[in-house]
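I'm opening my notebook on this one. My plan is to look up how the parts of the chain meet.

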Amino acid sequence: MNASKSIRIAVLPGDGTGPEVTAEAIKVLKAVAARDGFECSLTDFDFGGERYLKTGETLPDGAVEQLRTFDAILLGAVGHPDVPPGVLEKGLLLELRFQLDQYINLRPVKLFPGVETPLAGKGPKDIDFVVVRENTEDLYCGVDGFLKKGTADEVAMQSAVYTRKGCERCIRWAFQYTQRRNNPKGKRLTLVAKTNVLTFGHDLWFRTFQDVAKEFPDVEPDYNHVDACCMWMVKNPEYYDVIVTTNMFGDIITDLGGIIQGGMGVAAGGNINPDPGGCSMYEPMGGSAPKYTGQNVINPIAAISAMAMLLEHSGYEQSGRRVLRAIQQVTGTKMKSQSAGKMGYGTDEVGDLVVQALYNV
Ligand code: IPM
Ligand code: MN
């Protein structure tokens, strides 16, 4: 057990419904800490749209250095109707991913019991795979600009940058993760890219994938073009075990993953820096959902799942798994739906149900 351990978490509740779902994740954290006998200390930060509108800052000076000292970060949501698109995304979320070098974006695509999927005839046994998305390169890294902006001769450039180091560390981590996941149906890692068109960047990914695969003879190396992957995720999701992919394609296919696992109310992700002393950040995928703010109707399951991931990847595996089992008991036996306002319970009641379930899973 984790008896003598203590975890320090920085909490960024953020905008809109972020604070409401974060509160439920913390409620569950405190309960599982008491249940399993470990300490947790939480420090709140008010970064997000409201603060930006007041101060013009997304991340104040020194914030990254301060956050770096925590064991992990829990992020509620960023996004504010009065803040132009890109400001918070780039100034806060992407800035933290880059500055903290969280080079893995881990997105489990798991259909919990009782949760409806839009895929006809598919159930929890069929939809259970994980996407490992590279999180620091590609079209995201800001090698871009305008020429002659606003004129008829305007040029816009936005370059995809891939490095050997960047893809290799992500691919190696994905192989290791596939090994640890140890799927009883067989360990398979599928590289998702577009080698037939992106014959430079994705050639680098493909060659690196083949090289690293040699270190993992027990994992089946596999390849899908990204467009075909979108078809297979819908038609045969049971085919996948672990997918590794580039940042931009990973962004797109994980929304597809999110909807087949029951929607944004349940999908969670981790921005992980797996290096020693690395600081990782976990978040529900749902966004700030401004129209539901303050109504106690938003689904906290994704935020609670993010907390389960945080625990699992911060040295509290048993507790993380316990939270995940508790979530599944609640989706499977209590909740009517995963959509905001249709759950059959308020946001806070769903948190209470997960807390109760911790004692019988
Ligand atoms: C995600 C989000 C972000 C991304 C946005 C908000 C910048 O869509 O985490 O998937 O594109 O990575
Ligand atoms: Mn996305």
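**Where the two domains meet**

I started with the area buried between domain 1 and domain 2, and it comes to about 1,000 Å², with carbon and sulfur atoms giving 59% of that. I should jot down that this is a predicted model.

Next I wanted to know which residues of domain 1 do the burying. Phe98, Tyr103 and Ile104 supply 54% of the area that domain 1 buries against domain 2, and no other three residues give more.

Then I checked which stretches of chain I was talking about. Domain 1 comes in two pieces, 1–104 and 268–361, while domain 2 covers 117–261. Taken over C-alpha atoms, the centres of the two domains are 24 Å apart.

How many residues of each domain are in contact with the other? I got 10 from domain 1 and 11 from domain 2.

After that I went looking for charged pairs. One salt bridge turned up across the interface of domain 1 and domain 2. I also looked up Asp101, which forms a salt bridge with Arg169. The closest N and O atoms of Asp101 and Arg169 sit 2.9 Å apart.

Polar contacts came next, and I found four residue pairs across the interface, counting pairs with both residues at pLDDT 80 or more.

Which helix gives the most to the side of domain 1 that touches domain 2? My answer is helix α4, residues 87–99, with three residues.

Last, I sorted the residues on that side of domain 1 by type: five are nonpolar, three are polar and two are charged.

Terms used: Residues are numbered from 1 along each chain as its sequence is written. Chains are lettered from A and ligands numbered from 1 in the order in which they are written. This is a predicted model: local features need pLDDT of at least 70, side-chain atom pairs count only at pLDDT 80 or more; totals for chains, interfaces and linings use all residues. Side-chain values use heavy atoms; hydrogens and water are left out. Domain bounds come from an automatic or database domain assignment. Contact means heavy atoms within 4.5 Å. Buried area is the accessible area (1.4 Å probe) that two parts lose on being put together, summed over both. A salt bridge is a side-chain nitrogen of Lys or Arg within 4 Å of a carboxyl oxygen of Asp or Glu. A polar contact is a pair of N or O atoms within 3.5 Å; within protein, one must be able to donate a hydrogen and the other to accept it, and residues adjacent in sequence count only if both atoms are side-chain atoms. Helices (H or I, at least four residues) and strands (E, at least two) are DSSP runs, numbered from the N terminus. Ala, Val, Leu, Ile, Met, Phe, Trp, Tyr, Cys and Pro count as nonpolar, Asp, Glu, Lys and Arg as charged, and the others, Gly among them, as polar.
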